[in-house]
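Hello,

Here is the structure I promised to pass on to you. Have a look at it first, and then read my notes below with the picture open beside them.

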Amino acid sequence: MTTHPPAPAVRVAGLHQRFGTAHGDVHALSGIDLDIAPGAFVSLIGPSGCGKSTLLRCIADLVQPTAGSVEVGGRSAHEARLAHHYGIAFQQAGLLEWRTVQRNVELPLELHGVGRRERAERARQLLGLVGLSDVARMRPSELSGGMQQRVAIARSLAEEPPLLLMDEPFGALDEMTRERLQAELLAIRARTGTTVVFVTHSISEAVFLSTQVVVMSARPGRVVRVVDVDLPDRAEATREDPAFFAAITDVREALRGGTARTPALGGEDR
Ligand SMILES: Nc1ncnc2c1ncn2[C@@H]1O[C@H](COP(=O)(O)OP(=O)(O)OP(=O)(O)O)[C@@H](O)[C@H]1O
């Protein structure tokens, strides 16, 4: 009997993305092929405007690819969205102003029919995790940008979804909060086995968090290289580990247009 390997958590094949604008066509992504294994933590990194957010939005079924296909957990991106297969935390926090902070975090649970008491308890826990217990009754507009981002992070974690799509979720946070939430995200992933696709501009953040860093070229975005990150563990001391610095150098060289060495993950130069 043959056993089949598990379906990738995300499979992107031959993806091209063009946007028509008043100033002509923008070619955002060109020939992206990417297989993301279940449980992987994959960061997308590349120059500003290279299409990282667009790629994430294609996976989330918020943008329809011009060509190519996206599968999430073995089904179409659209089916995955309808099934609430993933949690999202994007740059624009996307919170609902008419709901309190607490009820924003409860929203995905509410949509899934979780009872009132259970979802309130879970939201309280998550707000504690992101350090926002004392603003649970406020409205999003009463919070700073960084606080709103933390609410969005708590909301994306509410269901412990099989897949988390995060677009610079820690971008607007101070260094200490950022490091604390990085550690929390790693702990959540270790506990739940969630697959994470994470957009960041920070090489060190990408390396600290990821099992693979996907390095993209300037627009139109292509996959230049996939850097496998093999660290002994992911604790605070890891930030001083020679393996950590070596991986940072690898990513930096790839960003500078280093030669393409493409291991297992499936990105290809075209
Ligand atoms: N809806 C849209 N309509 C037209 N152009 C778009 C749209 N969305 C993105 N673009 C363009 O596609 C390109 C890629 O944008 P995207 O936001 O994906 O890049 P990015 O790598 O995430 O950028 P940054 O690192 O600056 O956040 C940019 O030139 C952007 O202007």
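Just past the end of α1, D61 adopts a positive phi of about 65 degrees. Please keep in mind as you look around that this is a predicted model.

Now step back to α1 itself, which spans residues 52-59. Is this helix mostly buried or exposed? Seven of its eight residues are buried, so the rest of the structure largely encloses α1. You can click through the buried ones: K52, T54, L55, L56, R57, C58 and I59.

What does α1 lie across? The helix crosses four strands, namely β3 (41-45), β7 (163-167), β8 (195-199) and β9, and its direction is at about 150 degrees to that of β8.

Those four strands lead us to the sheet. Six strands make up an open sheet, and reading across it you meet β6, β7, β8, β3, β9 and β10 in that order, with mixed pairing. At the edges are β6 (86-89) and β10 (223-228), each of which has a single partner strand, so one side of each has no neighbour in the sheet. On average, neighbouring strands here are turned by 15 degrees against each other, ignoring direction.

For a closer look at one edge, try β9 (residues 212-216) and β10. They pair in the antiparallel sense, over five bridges. One bridge to find is that of V213, whose partner in β10 is V227. While you are there, a general point: side chains in a regular strand alternate between the two faces of the sheet.

There is another pair of strands to visit, β1 and β2. They run antiparallel and are joined by nine bridges. A hairpin of two residues links β1 to β2. Here you can look for R11, which has D35 in β2 as its bridge partner.

Finally, the ligand. How many residues surround it? There are 13, and the closest are F19, A28, S48, S53 and T54. Where do they come from? β1 (10-21), β2 (24-36) and α1 each give at least two residues to this shell, and α1 contributes the most, with three. Sorted by class, the shell has seven polar, four nonpolar and two charged residues.

So α1 is a good place to begin your own tour: the helix is largely enclosed by the rest of the structure, lies across strands of the sheet and gives the most residues to the shell around the ligand.

Enjoy exploring, and write back with any questions!

Best wishes

Key. Residues numbered from 1 in each chain as written. Predicted model: local features only at pLDDT ≥ 70, side-chain atom pairs only at ≥ 80, totals over all residues. Near = placed C-beta within 6 Å. Nonpolar A, V, L, I, M, F, W, Y, C, P; charged D, E, K, R; others polar. Buried ≥ 20, exposed ≤ 12 C-beta atoms within 10 Å, placed from the backbone. Pairing = 2+ DSSP bridges. Axes fitted to C-alpha atoms, helices over the stretch in contact; angles between N-to-C directions. Contact = placed C-beta atoms within 7 Å.
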